[in-house]
Amino acid sequence: MDSSVIRVKDLYKIYTIGTNKVRALNGVDFSIRKGEFCCIVGTSGSGKSTLLNMLAGLEKPTKGEIVIAGEHIEKKNESQLVQFRQEHVGFIFQSYNLMPNMDAIENVAMPLIFQGVGKKERKERAAEMLKLVGLSKFMDHRPGQMSGGQQQRVGIARALVVNPEIVFADEPTGNLDSRTTMEVLELIQKISHEKNQTMVMVTHDNHLASFGDRIIRISDGKIIKITDNTLRKKEGGTTVKKAVPAKKTEKPKKDKEQKKTIWDEVESAGQDNTESKES
Ligand SMILES: Nc1ncnc2c1ncn2[C@@H]1O[C@H](COP(=O)(O)OP(=O)(O)O)[C@@H](O)[C@H]1O
Ligand SMILES: [Mg+2]
């Protein structure tokens, strides 16, 4: 049986501006297994957000197939897509997108309103999520009364409160300092593994991407490399916990015994232009 929760086949997105055509996605194929923390990495303009928006059904592909949880996204109309997102998908945004006039618990509870969950249960579930992200003491704080990292924790709680099968995150740590970035990344990774949720995170940062179970490297709308990192992790490779105290400049010593780390691999993939795929 195919254990893929996301399957993308021959995907194209071509934007036409006047007579100019931009191939934002230029023939993309991959799949993501259930429970995986998948990182899509590439430089600015490489097509990451376009890809994520296609996966989430926020934009229509020019051509190709996207199958999520057994359903063809590209064949759905707008109202079917809205329903699909409410039932299956959570979002974490770079700029948090919290409602400024609502406190943390109201922000987190909001997606449950669209699911028709009653007020009492909404409060309970939102409170539980805020506890999970370490914000029990900030339930009645508004976004303006919280730090960036705290606001993004609220954003994570809001994305996860409906218990979605898949969570999409577009540069979720893009507005955070490096320490808070690692905390938020650790949280995202921990929760997705504990809840066996599939997480797809877009980042331009090779180091952050190296924490993924699967790393999809994209350049000029094409996938140039897919790395399956799960085996390496089982062997004691990169985990967020280990990486927190590590300094970015500190490269592992390379003696004969030492294996190439995933970091080396991701970094070197960023430099070469080979069309190789390993999966
Ligand atoms: N709505 C749009 N109209 C025209 N071109 C777009 C649009 N959205 C993205 N693009 C172009 O598609 C390419 C990929 O963009 P994007 O997916 O946003 O890249 P990334 O998220 O990796 O920075 C870029 O060249 C960008 O200018
Ligand atoms: Mg982007």
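# Ligand shell, sheet and helices

Trainee: How do the residues of the shell around ligand 1 divide into nonpolar, polar and charged?
Mentor: This is a predicted model. The shell includes Tyr 15, Ile 17, Val 22 and Ala 24, along with Gly 42, Gly 45 and Gly 47. Gly counts as polar here. The division is 4 nonpolar, 7 polar and 1 charged.

Trainee: Which element gives the most to the shell around ligand 1?
Mentor: β1 (4–17), β2 (20–33) and α1 (48–55) each supply at least two residues. Lys 48, Ser 49 and Thr 50 are among the residues around the ligand. With 3 residues, the top contributor is α1.

Trainee: Is Ser 49 buried, partly exposed or exposed?
Mentor: Ser 49 sits in helix α1. Contacts beyond four places in sequence are with Asp 170 and Val 202. Burial needs 20 or more other C-beta atoms within 10 Å, and exposure 12 or fewer. Ser 49 has 18, so it is partly exposed.

Trainee: What separates the C-alpha atoms of Ser 49 and Ala 24?
Mentor: Both residues belong to the shell around ligand 1. They stand 25 residues apart along the chain. Their C-alpha atoms are separated by 9.4 Å.

Trainee: Which strands stand at the edges of the sheet?
Mentor: The sheet is open and mixed, with 6 strands in the order β6-β7-β8-β3-β9-β10. An edge strand has a single partner, so one side is left without a neighbour in the sheet. That picks out β6 (89–92) and β10 (222–228).

Trainee: What is the average twist from one strand to the next?
Mentor: The order to follow is β6-β7-β8-β3-β9-β10. From one strand to the next, the twist averages 15°.

Trainee: Which residue in β8 stands opposite Val 167?
Mentor: β7 (166–170) and β8 (198–203) pair in the parallel sense, over 5 bridges. Opposite Val 167 in β8 stands Met 199.

Trainee: What angle does the direction of α1 make with that of β8?
Mentor: α1 packs on the sheet and touches β3 (37–41), β7, β8 and β9 (214–219). Helix α6 (178–194) also packs there, touching β3, β7 and β8, and its direction makes about 155° with that of β8. For α1 the angle is about 155°.

Trainee: How many of the residues of α5 are buried?
Mentor: Helix α5 (148–160) reaches 18 Å from its first C-alpha to its last, close to the expected 18 Å. Its buried residues include Gln 151, Arg 153, Ile 156 and Leu 160. They pack against β6, α3 (104–114), α4 (119–132), β7 and α6. The helix is mostly covered, and the buried count is 10 of its 13 residues.

Methods:
Residues numbered from 1 in each chain as written. Chains lettered and ligands numbered in written order. Predicted model: local features only at pLDDT ≥ 70, side-chain atom pairs only at ≥ 80, totals over all residues. Near = placed C-beta within 6 Å. Helix = DSSP H or I, 4+ residues; strand = E, 2+ residues; numbered from the N terminus. Pairing = 2+ DSSP bridges. Axes fitted to C-alpha atoms, helices over the stretch in contact; angles between N-to-C directions. Contact = placed C-beta atoms within 7 Å. Expected span 1.5 Å × (residues − 1).
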